[in-house]
Amino acid sequence: MNTAIISGRLVRDPGYTETQNEKGLHKIAKFVLAVRRNYSDDVSFIPVKAFAKKAEFVRDYLVQGTKVMVEGEIVTGSYDNKETGKKVYTTELFADRIEFAGAKVQEKMPEKMPEPMEGDGFLNIPESMEEEMPFR
């Protein structure tokens, strides 16, 4: 089984492209997550790709600094560098699931994602208690 789950923050705003071919329209979003390594202050930068509806979600809701959890498949590949002629090896995470793992970024989503109400099963947590929460 090839499944990985990572949590981190977007290093920069995601890229989004649409390409048309004989099979139809292909939507692809690319972004890089900064992920802290366990028991260390070291950070790994993991490239992620999302396709179709997930790519639209990334385009519409994610911006630099957004904290997300991504579940997906690790995909490796290679290509020949045109300038040096050397083989370059790649590793990416192809996203199957993307979820917010922190506070949303308001300036990108105010109309699309309304604030949860207490009646919707969410509790409003005072900002002063945010540092005390075990999961952020």
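In which helix is A52 found? This model is predicted, and in it A52 belongs to helix α1, which covers residues 52-61. A52 is not a glycine, yet its phi is positive, at about 55°. A52 has a relative accessible area of 43%. Exposed means over 50% and buried means under 20%, so a residue with 43% counts as partly exposed.

Another residue with a positive phi is Y39. Its phi lies near 60°, and Y39 is likewise a residue other than glycine. Y39 sits in the loop between β3 and β4, where β4 spans residues 43-51. Is Y39 buried or exposed? Y39 counts as exposed because its relative accessibility is 87%, and the cut-off for exposed is over 50%.

Y39 also leads to a pocket. Y39 is one of the residues that line the second largest pocket, together with S7, G8, R9, A34, R36, R37, N38, S40 and K67. This pocket has a volume of about 260 Å³. Two strands, β1 (4-10) and β3 (24-36), each supply at least two residues of the lining. The largest share comes from β1, which gives three residues. Sorted by class, the lining holds four charged, four polar and two nonpolar residues.

The strand β3 can now be followed to its neighbour. Strand β2, residues 15-21, runs antiparallel to β3, and seven bridges join the two. As one example of the pairing, T17 has I28 in β3 as its bridge partner. The connection between β2 and β3 is a hairpin of two residues. In a regular strand, side chains alternate between the two faces of the sheet.

The next stop is the interior. The largest nonpolar core has 17 residues, and those that touch the most other members are F31, L33, V48, V70 and I98. At least two residues of this core come from each of β1, β3, β4, α1, β5 (67-80) and β6 (87-100). Which element gives the most to this core? The answer is β3, with four residues.

I98, one of the core residues named above, shows what such a position touches. Leaving aside residues up to four places away in sequence, I98 touches F31, A50, K54, F57, V58, L62, V68, M69 and V70. Among these partners, F31 and V70 are also in the group of core residues that touch the most other members.

How values were computed
Residues are numbered from 1 along each chain as its sequence is written. This is a predicted model: local features need pLDDT of at least 70, side-chain atom pairs count only at pLDDT 80 or more; totals for chains, interfaces and linings use all residues. Side-chain values use heavy atoms; hydrogens and water are left out. On a 1 Å grid over the protein atoms alone, a cavity is a set of points where a 1.4 Å probe fits but cannot get out, and a pocket is an open set with protein on both sides within 12 Å along at least five of seven lines; lining residues have an atom within 4 Å of a point. Grid points are joined across faces, edges and corners, and a volume is the space filled by probe spheres set on the points. Ala, Val, Leu, Ile, Met, Phe, Trp, Tyr, Cys and Pro count as nonpolar, Asp, Glu, Lys and Arg as charged, and the others, Gly among them, as polar. Buried means under 20% relative accessible area, exposed over 50%, partly exposed in between (1.4 Å probe, protein chains only). Two strands pair if DSSP finds at least two bridges between them. A nonpolar core is a set of buried Ala, Val, Leu, Ile, Met, Phe, Trp, Tyr and Cys residues joined through side-chain atoms within 4.5 Å. Contact means heavy atoms within 4.5 Å.
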